[in-house]
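Q: I've got a protein model open and I'm not sure how to read it. Could you walk me through some features, one at a time?

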Amino acid sequence: MHSFVAEATDTPGYLAHPIPEPVLPDNFYRADRTLQRLLRRYFPNQPEEWAWAKDFLTEWGGVCAQQVEPLIATADKNGPTLRQFDRRGDRVDELIFHPAYHEISRLAYSNGLAGMSNGPGFRGRQAPTSQLVKFAAMYLFTQADGSISCPVSMTDILTRVLKMYASPALLDRYLSGLTTLDYDRLLTGAMFMTEKTGGSDVGATTTVAVPKEEWWELSGDKWFCSNAGADLILTLARPEGAAPGTRGLGLFLVPKILPDGSRNSYEINRLKDKLGTRAMASGEITFRQTKAYLIEPLERGFVMMMEMVNGTRLHSGVAGAANLRRAVLEATLHGRERKSFGRPLIEQPLFADQLADLVVDSDASTALFLEAAYRLDQSDRRQTTEAKVLSRLLIALLKGYATDHGVKAAQKALEMRGGNGYIEDWPNARLLRDSLVQIIWEGGINMVAFEVLRTLERENAWPLYAAALQNELARIQSPGLTTPVNSLKICIELVGREVERLLAQPRATQEIVAPHLAEAMASLYAAVLLIANANESLTAQDQAARRDLESARRYYTRFLQPLLENLKRPANAGSVDELLGNVVPAE
Ligand SMILES: Cc1cc2nc3c(=O)[nH]c(=O)nc-3n(C[C@H](O)[C@H](O)[C@H](O)COP(=O)(O)OP(=O)(O)OC[C@H]3O[C@@H](n4cnc5c(N)ncnc54)[C@H](O)[C@@H]3O)c2cc1C
């Protein structure tokens with residue numbers, strides 16, 4: 001066969017191609033030794049559990065790298081279309097996806113991403129799979145896919161919410177469809193909450209619910225509806241005459257297909273033309289006397305919906321961590337090969353230093369998401385208020401931190417590939433586009449910072465947070481780690497004082513400081529986890545011990561310290577009225 005490459009390389013004076021063609025690892029789990037060590041920490045006396053988790057994740061890491069990764073660019077470039085009418089003019093609102101979308105979905109659902117934690121029997125196991133292992137699997141998946149993980153995560157968490165709150169009859173009707181590994185039998189889930197009035201201010205919801213004999217009927221518009229073709233939808237609506245705000249909202253389950261086989265009456269008006277997550281369908285929906293099941297009790301609708309939001313926030317935070325990891329992979333593989341000024345980029349001091357920052361931030365986000373998943377398991381197991389509060393706090397911290405840093409890392413990795421990073425032939429542009437939405441949905445950075453504030457103020461979360469960190473530090477025995485451990489203890493005291501001071505401030509000051517405090521608290525938690533990990537590597541005489549220690553040290557100086565310094569700045573920088581009032585001159 002004629003080969004242009006062979007011909008070119010035979011030519012005297014031929015130079016190796018100046019643009020590297022990096023080869024991703026063929027297994028996202030096996031290639032990620034840091035993930036392996038951080039995860040191993042959670043299986044101290046459970047060799048069988050650890051062996052099972054390792055085997056599963058090793059197999060799944062191969063599927064993600066070898067099967068999901070090659071499909072995602074095609075799915076992204078050939079997004080779904082909406083066919084609203086059939087040839088006789090009847091409304092059908094059918095979504096048409098590229099086969100690559102279905103193939104990725106089939107891989108995700110048949111490997112249990114939505115089902116494994118919601119029931120027994122996954123791969124012969126008696127108990128449901130832990131959140132820890134499930135989220136580790138999501139982390140591997142989302143390094144390749146930034147779109148289909150959205151429907152998968154909503155299906156997973158909708159099932160969790162139904163298991164918590166739905167009547168036995170309702171659960172019985174849908175559980176096996178939601179958790180099946182058979183893609184052709186699968187029911188997928190969605191959450192239609194955001195209306196034109198605002199996704200942050202859910203209390204402004206205008207959709208109305210009217211009780212009928214067998215059902216409730218919902219009428220109103222939902223403005224952002226991902227997985228628009230879902231089989232089951234959780235949504236909020238206000239019964240006529242109910243209280244304003246979130247208190248008056250009921251939680252409803254809307255099936256796409258009614259028990260008699262007919263299609264429920266709601267319309268997909270159009271699909272969003274999105275910056276990212278383009279493989280997946282997000283639409284605008286109108287409920288028109290749409291039949292829905294009430295999830296009781298009526299007056300706790302919003303509280304129950306927050307379980308859904310909390311779970312999908314955790315998925316979002318995991319996606320943020322996955323974006324960091326993918327950014328590190330892309331930048332490292334590129335930097336090793338690409339030469340500039342006669343040397344590979346990775347040997348240039350500034351490039352290497354910036355890449356090392358990405359590496360440790362990725363370590364920190366990985367440590368944080370594993371801890372958040374573990375704390376959710378603890379909360380489910382113990383069912384105590386303390387465990388629930390700590391879990392909720394950690395999810396909010398992770399969501400804010402990892403989604404934000406995931407975007408920054410995706411942007412940096414794009415810059416590190418230079419002009420090619422900006423070109424859609426390479427994965428960086430998609431990574432950046434997909435990472436951006438993680439900040440927005442399930443509540444932006446400001447909203448999750450308010451959630452942190454709420455847990456501190458109303459649920460007294462600080463002592464729980466501080467105790468978790470102190471316990472972690474108390475277990476560190478390596479003599480060489482006394483200084484960093486003491487420094488971290490001082491940091492805990494410092495942040496504790498800031499929290500106390502802040503809670504005594506007026507609400508406006510609290511809100512302004514909240515995102516900075518949340519980021520510092522997330523970073524402090526991550527710093528403690530990284531030093532604990534270094535301790536375990538040292539104790540086990542793992543050959544990665546020096547590397548883990550360096551990661552903890554760099555993270556402390558480069559990330560945590562500046563955030564703590566920032567916390568000490570005065571919150572009030574003066575009046576904003578003059579500044580904001582003159583952006584557009586008054587007529
Ligand atoms: C691609 C995509 C898919 C989506 N899919 C879904 C879905 O499936 N289901 C669903 O329910 N929603 C979905 N959303 C909607 C998303 O959750 C909302 O966009 C988000 O919650 C923000 O709401 P909003 O757009 O109305 O912005 P607003 O609520 O108007 O907020 C605008 C900005 O102001 C900030 N803000 C609001 N209040 C305050 C305050 N008091 N102080 C400081 N800052 C504040 C917010 O953080 C935000 O950054 C999706 C969004 C996108 C982009």
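**Salt bridges and other features**

A: Sure, let's start with one pair: the side chains of K408 and D404 meet in a salt bridge, 3.1 Å from N to O. Keep in mind that this is a predicted model.

Q: What lets two side chains pair like that?
A: The general idea is that side chains of opposite charge can pair when their charged atoms come close. As for where this pair sits, K408 and D404 are both in helix α10, 4 residues apart, about one turn of the helix.

Q: Why does a spacing of three or four places matter in a helix?
A: An α-helix has 3.6 residues a turn, so residues three or four places apart point the same way. You can see that spacing again in R326 and E330, which are 4 residues apart in helix α8 (residues 301–337) and so separated by about one helical turn. R326 forms a salt bridge with E330, and their closest N and O atoms are 2.9 Å apart. Over in helix α9 (residues 349–382), R375 and E371 are also 4 residues apart. They form a salt bridge as well, with the closest N and O atoms 3.0 Å apart.

Q: Are the residues in these pairs buried or exposed?
A: Check the relative accessible area: under 20% is buried, over 50% is exposed, and in between is partly exposed. R326 has 3% relative accessibility, so it counts as buried. E330 is buried too, with a relative accessible area of 5%. Both R375 and E371 are buried. Back in α10, K408 counts as partly exposed because its relative accessibility is 45%, whereas D404 is buried at 15%.

Q: How many salt bridges are there in the model?
A: The count comes to 42 salt bridges. Some of them link up: R37, D363, R547 and D548 are joined in a network of salt bridges.

Q: Let's go back to α10. How do I read a helix's length?
A: Compare its end-to-end reach with the span expected at 1.5 Å a residue. Helix α10 covers residues 385–416, which makes 32 residues. From its first C-alpha to its last, α10 reaches 46 Å, close to the 46 Å expected. It is mostly covered, with 25 of its 32 residues buried.

Q: What follows α10?
A: Look at G418, whose phi is positive, near 70°.

Q: Where do I find a positive phi in a residue other than glycine?
A: Try T277 first: its phi is near 45°, a positive value, and it isn't a glycine. T277 is in the loop between β8 (266–271) and β9. With 2% relative accessibility, T277 counts as buried. Then look at N460, which has a positive phi of about 50° although it is not a glycine. N460 lies in the loop between α12 (445–458) and α13. At 51% relative accessibility, N460 counts as exposed.

Q: Which peptide bond is cis, and what is its omega?
A: Omega is the angle to read here: the bond from E296 to P297 is cis, with omega near 0°. You'll find P297 in the loop between β9 (282–295) and α8.

Q: What about P479, is it buried or exposed?
A: Use the relative accessibility again: P479 has 72%, so it counts as exposed. Its place is in the loop between α13 (462–474) and α14 (482–503). For a sense of distance, P479 and L580 are 101 residues apart in sequence and 54 Å apart in space, C-alpha to C-alpha.

Q: Which residues come nearest to the ligand?
A: Of the 19 residues around the ligand, M191, T194, G199, S200 and S226 come nearest. To read the contacts, look at pairs of polar atoms. An oxygen atom of the ligand is 2.6 Å from a polar backbone atom of G199, and an oxygen atom of the ligand is 2.7 Å from a polar backbone atom of S226. A nitrogen atom of the ligand is 3.0 Å from an N or O atom in the side chain of N446. On its own the ligand has 960 Å² of accessible area, and the protein covers 65% of that.

Q: Last one: how is the chain divided into domains?
A: Step back and view the whole chain. There's domain 1 (33–185), domain 2 (189–300) and domain 3 (461–571). The C-alpha centres of domain 2 and domain 3 lie 41 Å apart.

How values were computed
Residues are numbered from 1 along each chain as its sequence is written. This is a predicted model: local features need pLDDT of at least 70, side-chain atom pairs count only at pLDDT 80 or more; totals for chains, interfaces and linings use all residues. Side-chain values use heavy atoms; hydrogens and water are left out. Domain bounds come from an automatic or database domain assignment. Helices (H or I, at least four residues) and strands (E, at least two) are DSSP runs, numbered from the N terminus. The expected span of a helix is 1.5 Å times one less than its number of residues. Buried means under 20% relative accessible area, exposed over 50%, partly exposed in between (1.4 Å probe, protein chains only). A salt bridge is a side-chain nitrogen of Lys or Arg within 4 Å of a carboxyl oxygen of Asp or Glu. A residue is near a molecule or strand if one of its heavy atoms lies within 4 Å of it. A polar contact is a pair of N or O atoms within 3.5 Å; within protein, one must be able to donate a hydrogen and the other to accept it, and residues adjacent in sequence count only if both atoms are side-chain atoms. Accessible areas come from the Shrake-Rupley method with a 1.4 Å probe; for residues, only the protein chains shown count as cover.
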